[in-house]
Amino acid sequence: MKFLIVFVALFAIALAAPRPDVEIVKSEVDVEPEGYAFNVATSDGTAHEENGKLKDVGTDHEAIVVHGSYTWVDEKTGQKFTVTYVADENGFQPQGEHLPVA
């Protein structure tokens, strides 16, 4: 659980790093003993939301399952990209219209 709290804190610090002319327009964080959620958006169109929940709590198979998405706007083309993902015991599984499919 300490890892989870440290991870969320470091992520928030990384998002807070100053970027010229970009402001945080939305920042919501909720950390609980068995999960977390955050939703951050900036004035340049970048957004990231994620939630994680512990499963099989108290067993040898305890793990966190993460669902989320992030969006950004390409500075050169103005095209908007979105990646949705799940990260669980099967690894990181991203999906997006711009990503190749095996």
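**A chat about a six-stranded sheet**

Q: Where is V31 found?
A: V31 is found in strand β1, and please keep in mind as we go on that this is a predicted model.

Q: And is V31 buried or exposed?
A: It falls between the two, because V31 has a relative accessible area of 37% and therefore counts as partly exposed, the class that lies between under 20% for buried and over 50% for exposed.

Q: How far apart are V31 and N51 in space?
A: Measuring from C-alpha to C-alpha in the model, V31 and N51 are 9.6 Å apart, while along the sequence they are separated by 20 residues.

Q: OK, stepping back, what does the secondary structure of the protein come to?
A: The protein has one helix and six strands, and if you read along the sequence, the helix is followed by the strands in the pattern α-β-β-β-β-β-β.

Q: In what order do the strands form the sheet?
A: The six strands make an open sheet with antiparallel pairing, and their order in that sheet is β1-β2-β3-β4-β5-β6.

Q: Which strands stand at the edges, and why is one side of each left without a neighbour?
A: The edges are taken by β1, which covers residues 24-32, and β6, which covers residues 91-95; each of these has a single partner strand, so one side of each has no neighbour in the sheet. From one strand to the next, the twist averages 10°.

Q: Over how many bridges do β5 and β6 pair?
A: Strand β5, which runs over residues 80-88, pairs with β6 over five bridges in the antiparallel sense.

Q: Which residue in β6 does A87 stand opposite?
A: The residue that stands opposite A87 is F92 in β6.

Q: Switching topic, where is S69 found?
A: S69 is found in strand β4, which spans residues 63-73.

Q: Is S69 buried or exposed?
A: S69 is buried, because its relative accessible area is 16%, and the cut-off for buried is under 20%.

Q: What is S69 in contact with, leaving aside its neighbours within four places in sequence?
A: With those neighbours set aside, S69 is in contact with A47, H48 and E49, and also with V83, T84 and Y85.

Q: Last one: what about the protein overall, how much counts as buried?
A: Of its 102 residues, 21% count as buried, and the accessible surface of the protein comes to about 7400 Å², with 56% of that belonging to carbon and sulfur atoms.

Technical notes
Residues numbered from 1 in each chain as written. Predicted model: local features only at pLDDT ≥ 70, side-chain atom pairs only at ≥ 80, totals over all residues. Heavy atoms only, no water. Pairing = 2+ DSSP bridges. Helix = DSSP H or I, 4+ residues; strand = E, 2+ residues; numbered from the N terminus. Axes fitted to C-alpha atoms, helices over the stretch in contact; angles between N-to-C directions. Buried < 20%, exposed > 50% of the residue type's maximum accessible area, 1.4 Å probe, protein only. Areas by Shrake-Rupley, 256 points an atom, 1.4 Å probe, with all protein chains shown as cover. Contact = heavy atoms within 4.5 Å.
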